[in-house]
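Visitor: I should like to understand the terms used for this structure. Would you take me through them?

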Amino acid sequence: MALETLNILLVEDDPVFRDVLSSFLRTRGALVSEAEDGREGLELFAKKRFDIILADLNMPNMDGLTMLRHIYKSGSQIPSIILSGNQRMALVTEALRLGASDYLVKPLSDLHAVEYAINQCLASVGASQSVLDENIDELSYLELNEHLALLEQNTEAAKCVQQQLFPGSTIDYPSIHVDYTLMTHKRVSPYFIDSAMVGNEHFIMYMAHFHPEDNRAAFACVLLKSFVNQKVKDCNNRLDDIVTHPQVMLKYLNERLVNAGLDLYCDIIYVALHLTHKELQVAQAGRGLRCYLRHGAELTRLALADSMQLGLFAWGQPSMQSRQLNGDDTLCLVTGIPKHKHMLMANDFQGLVYTPDMVEGGFVQMKVTE
């Protein structure tokens, strides 16, 4: 059976839904331990080895988010899937930031979506995966479309979700300093920036521009960040290192966006830096974004040809360049607006800004501090 011998921790306060879901998982071969809240879930987690956690976010005594925060703070790398009602997207976003692998919207239209999500989650961390037919593959994206419909209809919810993902204007890592400004007229920005340390040797950063420029951009940010975060975890667990290879990573991201079937497209520049050797790799998909090396008052643009956007079925290859980061060089990703380049040179870093007076877009700068 598809989930045979898997040890699953199911944390859910609704006894009827918990019984239905646990019964289904057992018919699929899983060994299920049940908890009715986060506190009981933590107690079971401390006593037994589990392969995966399924957890509701909204529970009494201790909610699922608090439970996961305790689990991941302890250093555990166990994969988890969040079960959330339609109005809990801000909490879903926070759970993904903590380390959750996936999420499903309640009420579930088909329990096979849970089975598919478990298989996908475990496959990404090297566990065995059953052969899934095309019908189940189609079911897996039903929940994504439900999230998308919610955010399309509720601008305030979309704005809240996106704000959860954006850091302050300055981000400090052990040997990297990042500053940025992104400006938007709308309540949801069509632009997104993100960065992460990968182990002790690598740093990644990317800037994206989503199309269409509407509330779906908030959902696209969640998707993109979760896809990248999963590959960061895979690299930290020594399963694969594609997150440090921009060209391969953009191919992976394109496949994920295409498979999601959400008609979301993305211009992106993705950067990976080897900190010891100062080796810089840059890849671009789409057009409209620019990459520069900054040295004092000089900006040197890296030649990256326009290519097809992410999210297209007939996608080709990104443009690519490798460089050595020298001395006091800083790396800058900028939208193709002259005013934004002037603001960058003036070190006008403000984080995410809502303003009707500026052209949408912005810039992000990365500097090695050691």
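Guide: A search of the whole structure finds six aromatic pairs. The model is predicted: local features need pLDDT of at least 70, side-chain atom pairs count only at pLDDT 80 or more, and totals for chains, interfaces and linings use all residues. Residues are numbered from 1 along each chain as its sequence is written, and side-chain values use heavy atoms, leaving out hydrogens and water.

Visitor: What makes Phe166 and Tyr180 a stacked aromatic pair?

Guide: Rings of Phe, Tyr and Trp (its six-membered ring) pair if their centres lie within 6.5 Å, and planes under 30 degrees apart count as stacked, over 60 as edge-to-face and the rest as tilted. Phe166 and Tyr180 are 6.3 Å apart centre to centre, with 25° between the planes, and are therefore a stacked pair.

Visitor: Why is Phe166 called buried?

Guide: Buried means under 20% relative accessible area, exposed over 50%, and partly exposed in between (1.4 Å probe, protein chains only). Phe166 has 9% relative accessibility, so Phe166 counts as buried. Tyr180, at 0%, is buried as well.

Visitor: What makes Tyr206 and Tyr270 a stacked pair?

Guide: Their centres are 6.0 Å apart and their planes differ by 10°, so both limits are met. Tyr206 lies in strand 9 (residues 202-211) and Tyr270 in strand 10 (residues 265-274), so the pair ties together parts 64 residues apart in sequence. Strands (E, at least two residues) are DSSP runs, as are helices (H or I, at least four), numbered from the N terminus.

Visitor: How do you know that Tyr206 is buried?

Guide: Its relative accessible area is 0%, so Tyr206 is buried; Tyr270 also has 0% and is buried.
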